[in-house]
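Open the file in your viewer and set it to cartoon. The tour goes from the whole chain to single side chains, one selection at a time.

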Amino acid sequence: MRDKLSASSRVDTTETSELECLPYSVQHHDEGVCLLVRMGPYRIMLDCGLGEISSLAQGLTQLAPADLVLVSHAHPDHARGLLALHQAFPLLPIYSSEVTSKLLSLNWLDQGLSKIPQFCQALPLRSPVEFQEGLVAELFPAGHLPGAVAILLTYTNSEGSYKLLYTGDFFLSNSRLVEGLRLEELRGIDLDVLIIEGTYGTSRHTHRRHQENQLAERIHRAIADNCSVLLPTPALGLGQELLMLLRSHHHFTGRDLNIWVDGAVAIGCDAYLELLPHLPSSVQNFARHQPLFWDERVRPRVRRLQAEHRQAVGHTPCIVLTDSTADFSQYCQPDSGPWLILLPEKIDIQVNQTYPAPTTIESYLLAQHSDGPGTTQLIHNLRPQHVVFIHGSPSYLADLTSLEELQNRYHLHSPAAGILVELHIGETFLQPAAPETNYEGELTELGTVVTITIPETITTDPRWQQFADTGLIEARWQGEELVLRGLSQRELLNQNSDRFAWNDIECCGTCRYQRGQRCWNSSSPLYNFRVTLEGYCPAFERLNDHEK
């Protein structure tokens, strides 16, 4: 093993380039994630979330684009291209955890589950496997989704040993159906390269349980107001987490309520039931006393949405979980009651401006990835020489590479697709300058108006268009800092229509402390919570009375 100096003083007179990383795609939306890592003479493909695999064969002079493929987990943005890859290169070995190997087929439901070959070989967890002479891989549970793993690659030659860790999607916190990544399993591995996701950039989130309580409270209030709730989600992961939350949260246990599950989300539930021995012990204990998902005996009832039930959905308040790609108008029918459509943040879901039934559209956060502090915590625990950020918008990844706490210690990379990254080990540490993310402006007070002037260069950031969409902003204090937030058209439409209708009602929609559908009255029991505009608390103060 090589002795490792602090990152700021590493010097090597015989610079090596035994490690390289070529990203075919690094995004988590349409393009998916697909990386090619070279370690000495070996080429290892990490994930294949490409919708079209033709780029893998461009300029190809060898029999396959890699010597082997390792899959971090079964979500489409990491796995959707695997079947096409196997069909194009049937001799190319593809490996994953045992759970992932059983979930992968859900990516190709349109082709029929029975017709999809079992092309992925299962590897054990926490057990090194040697694929070629000097090339070893070891899988560690990464949280986020059942079967998701971080992949540790070790390449050893006559000059030493090189270690690279690919996190895939990871989550340090425990969720309802998955235990979080355990830092203690990865500490002290003498890591050279860390390839890590940056989905949330430097954003900071509240505790996972707090997020769950906020979401449960919003759904509870909607049902109490005779409103049905539509929860569109991907087939795997979030939908099953939501079902467990609804079945076990005190707002819903014992409640006379139907929870309908439709489409691929229902198929994902069936797949989870086949994996029960691999789920956390708390989930297995729950399943010993009552069914994990399908249960018409214990309230709230969880039922698969069959064709004969569709006409009755929404006539009384209910909850529907369905595919993120579904046509929501099939639920929001004219003869049903009002609907609340809750969209998860960081998942792109298309919605219509209007539906046959009255609808309100809001978003919620139930994080499936680690936030900024969790990302930096993992980096500091592993202390690699190189950090390669992927899986996030370019702006969010730039925020991470701009962090001074990372810049002073590590080689930071955020490569675009098709850009080869040479990962020299032991060379003199020289971190490139960070991209400019701070903007100096001026503040002027003129009577009753305060003007803040910011340089025009801020508009070059791709996030500016969304921020300035309506030309209206909301400002709030965060400690000693003033935070500005752009108001979206959807938010303004919801606020304006609701306030017009409820002008004479004592509710959150007409309260002076409600801003951006959040309560800012420190004496209110709803303080710092997202609130429904029709809600009420004893600390209510009418907006109009304050303005008089």
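The stops below cover the overall fold, a sheet, aromatic pairs, salt bridges and one loop residue.

**Whole chain**

Start with everything selected, and keep in mind that this is a predicted model. The protein has 14 helices and 26 strands. It contains 548 residues, of which 53% count as buried. About 25900 Å² is exposed, and carbon and sulfur atoms supply 49% of that area. Among contacts between residues at least 6 apart in sequence, 67% join residues at least 24 apart.

**The seven-stranded sheet**

Select strands 7, 8, 9, 10, 11, 18 and 19. These seven strands form an open sheet in the order 7-8-9-10-11-18-19, with mixed pairing. Which strands stand at the edges? They are strand 7 (129–132) and strand 19 (411–413); each has a single partner strand, so one side of each is left without a neighbour in the sheet. From one strand to the next, the twist averages 20°.

Now narrow the selection to residues 149–157 and 160–166, which are strand 9 and strand 10. The two run antiparallel and are joined by seven bridges. To follow the register, pick Ile-151, which stands opposite Tyr-166 in strand 10.

Add residues 372–382 to bring in helix 9. This helix lies across strand 10, strand 11 (193–197) and strand 18 (386–390). Relative to strand 11, helix 9 runs at about 170°.

**Aromatic pairs**

Show the aromatic side chains as sticks. The count of aromatic pairs comes to six. One of them is Tyr-155 with Tyr-162, a stacked pair with 6.3 Å centre to centre and 20° between the planes. The pair counts as stacked because its planes are under 30 degrees apart. Are these two residues buried or exposed? Tyr-155 is buried at a relative accessible area of 7%, and Tyr-162 is buried at 2%.

For another pair, select Phe-328 and Tyr-355, whose rings are tilted: the centres are 6.4 Å apart and the planes are at 40°. Phe-328 lies in the loop between strand 15 (319–323) and strand 16 (339–344), and Tyr-355 in the loop between strand 16 and strand 17 (359–364), so the pair ties together parts that are 27 residues apart in sequence. Phe-328 has a relative accessible area of 1% and is buried. Tyr-355 is also buried, at 10%.

Go back to Tyr-155 and Tyr-162 and add Tyr-42; the three form one aromatic cluster.

**Salt bridges**

Switch to the charged side chains. The whole structure holds 18 salt bridges. Select Glu-362 and Arg-218 to see one of them, with the closest N and O atoms 3.0 Å apart. The two residues belong to distant parts of the chain: Glu-362 is in strand 17 and Arg-218 is in helix 5 (residues 208–224), 144 residues apart. Both partners are buried, Glu-362 with a relative accessible area of 7% and Arg-218 with 11%.

Next, pick Arg-310 and Asp-262, where the closest N and O atoms of the salt bridge are 2.9 Å apart. This pair links distant parts of the chain, 48 residues apart. Arg-310 sits in the loop between strand 14 (301–304) and strand 15, while Asp-262 sits in the loop between strand 13 (258–261) and helix 7 (263–273). Which of the two partners is buried, and which is partly exposed? Arg-310 is partly exposed at 27% relative accessibility, whereas Asp-262 is buried at 7%.

Then take Arg-303 and Glu-296, whose side chains meet in a salt bridge at 3.6 Å, N to O. Arg-303 is buried at 18%, because the cut-off for buried is under 20%. Glu-296 is exposed, with a relative accessible area of 54%.

To see shared partners, select Arg-176, Arg-208, Arg-209, Glu-212 and Glu-241 together; salt bridges join them into one network.

**A loop residue**

End at Thr-457. Where is this residue placed? Thr-457 is in the loop between strand 22 (449–453) and helix 12 (464–467). Its relative accessible area is 47%, which makes Thr-457 partly exposed. Add Tyr-439 and draw a C-alpha to C-alpha distance: the two residues are 8.3 Å apart in space and 18 residues apart in sequence.

Note on methods:
Residues numbered from 1 in each chain as written. Predicted model: local features only at pLDDT ≥ 70, side-chain atom pairs only at ≥ 80, totals over all residues. Heavy atoms only, no water. Helix = DSSP H or I, 4+ residues; strand = E, 2+ residues; numbered from the N terminus. Buried < 20%, exposed > 50% of the residue type's maximum accessible area, 1.4 Å probe, protein only. Contact = heavy atoms within 4.5 Å. Areas by Shrake-Rupley, 256 points an atom, 1.4 Å probe, with all protein chains shown as cover. Phe/Tyr/Trp six-rings, centres within 6.5 Å; stacked < 30°, edge-to-face > 60°. Salt bridge = Lys/Arg side-chain N within 4 Å of Asp/Glu carboxyl O. Pairing = 2+ DSSP bridges. Axes fitted to C-alpha atoms, helices over the stretch in contact; angles between N-to-C directions.
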